[in-house]
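Colleague: Please bring up the model and keep it in view. I have some questions about how it is put together.

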Amino acid sequence: MPDIGISKEQQDSRHGRYVARIAGVEGEGEITFTGREPHLISADHTGAPETMRGTGAAAALVGYMIEDARNSGSGSSRSAHMSGRSIASIPNGRTS
């Protein structure tokens with residue numbers, strides 16, 4: 001597996017994105033999110049270029065988002081298809 005760098009970029013008080021980058025691989029993967037309630041975020045959109053297919057970047061993004069939500073005392077809802085499948089494995093679809 002390549003070394004996947006993931007960061008969180010807050011766009012405003014309610015919106016942001018988690019971004020995955022891999023050195024030497026063109027493009028970036030992302031999950032955009034919205035804070036729906038004080039302790040609930042939803043994954044609104046996921047995307048990654050073909051160059052990241054099979055690298056594990058999508059799973060790393062979802063894992064990072066879930067861990068970030070747990071650490072901040074938030075839960076997450078199942079809006080985006082890709083992350084929804086991963087979040088569905090968590091009881092009640094919530095991370096808190």
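Colleague: Which residue of β4 does Thr32 stand opposite?

Modeller: First, the ground rules: this is a predicted model, local features need pLDDT of at least 70, side-chain atom pairs count only at pLDDT 80 or more, and totals for chains, interfaces and linings use all residues. Residues are numbered from 1 along each chain as its sequence is written, and side-chain values use heavy atoms, with hydrogens and water left out. Strands (E, at least two residues) and helices (H or I, at least four) are DSSP runs, numbered from the N terminus. Opposite Thr32, in β4, stands His45.

Colleague: What pattern do the helices and strands follow along the sequence?

Modeller: The protein has two helices and five strands. Read along the sequence, their pattern is β-β-β-β-α-β-α.

Colleague: Over how many bridges do β3 and β4 pair?

Modeller: Strands pair if DSSP finds at least two bridges between them. β3 and β4 form a hairpin with two residues between them. They run in the antiparallel sense, and the number of bridges is seven.

Colleague: Then β2 and β3. Which residue in the turn has a positive phi?

Modeller: β2 and β3 pair in the antiparallel sense over six bridges. In β3, the bridge partner of Val19 is Glu30. The two strands form a hairpin with six residues between them, and the turn residue with a positive phi, about 85 degrees, is Gly24.

Colleague: On the β1 side, which residue of β2 is the bridge partner of Ile6?

Modeller: β1 and β2 form a hairpin with four residues between them. They pair in the antiparallel sense over seven bridges. Within that pairing, the partner of Ile6 is Ala20.

Colleague: Why is β3 described as largely enclosed by the rest of the structure?

Modeller: Buried means under 20% relative accessible area; exposed means over 50%, and partly exposed lies in between, with a 1.4 Å probe and protein chains only. β3 is largely enclosed because, of its nine residues, the number buried is seven.

Colleague: What share of the protein's residues is buried?

Modeller: The accessible surface (Shrake-Rupley, 1.4 Å probe) comes to about 5,400 Å², with 49% belonging to carbon and sulfur atoms. Of the 96 residues in the protein, the buried share is 41%.

Colleague: Which element supplies the largest share of the largest nonpolar core?

Modeller: A nonpolar core is a set of buried Ala, Val, Leu, Ile, Met, Phe, Trp, Tyr and Cys residues joined through side-chain atoms within 4.5 Å. The largest one has 16 residues, and those with the most contacts inside it include Ile4, Tyr18 and Leu61. β1, β2, β3, β4 and α1 each supply at least two residues. The largest share, six residues, comes from α1.

Colleague: What does α1 span from its first C-alpha to its last?

Modeller: In α1, buried residues include Ala57, Leu61 and Met65. An α-helix has 3.6 residues a turn, so residues three or four places apart point the same way. The expected span is 1.5 Å times one less than the number of residues. α1 has 15 residues, and its span is close to the expected 21 Å, reaching 21 Å.

Colleague: Which residue with a positive phi follows α1?

Modeller: α1 (57-71) is one of the elements that supply the core. After α1, with a phi near 80 degrees, comes Gly73.

Colleague: Now the rings. Which residues form the aromatic cluster?

Modeller: Rings of Phe, Tyr and Trp (its six-membered ring) pair if their centres lie within 6.5 Å; planes under 30 degrees apart count as stacked, over 60 as edge-to-face and the rest as tilted. Tyr18 and Phe33 form a tilted pair, 5.0 Å centre to centre with 35 degrees between the planes. The rings of Tyr18 and Tyr64 have centres 5.8 Å apart and planes at 70 degrees, so this pair is edge-to-face. The one cluster consists of Tyr18, Phe33 and Tyr64.

Colleague: What is the relative accessible area of Tyr64?

Modeller: Tyr18 is buried at 1%, and Phe33 is buried at 5%. Tyr64, in helix α1, is 46 residues from Tyr18 in strand β2. Tyr64 is partly exposed, with a relative accessible area of 34%.

Colleague: Last one. Which residue of α1 is in contact with Val19?

Modeller: Val19 is in strand β2 and counts as buried, at 0% relative accessibility. Contact means heavy atoms within 4.5 Å. Leaving aside neighbours within four places in sequence, Val19 touches residues including Gly5, Ile6 and Glu30, and also Leu61.
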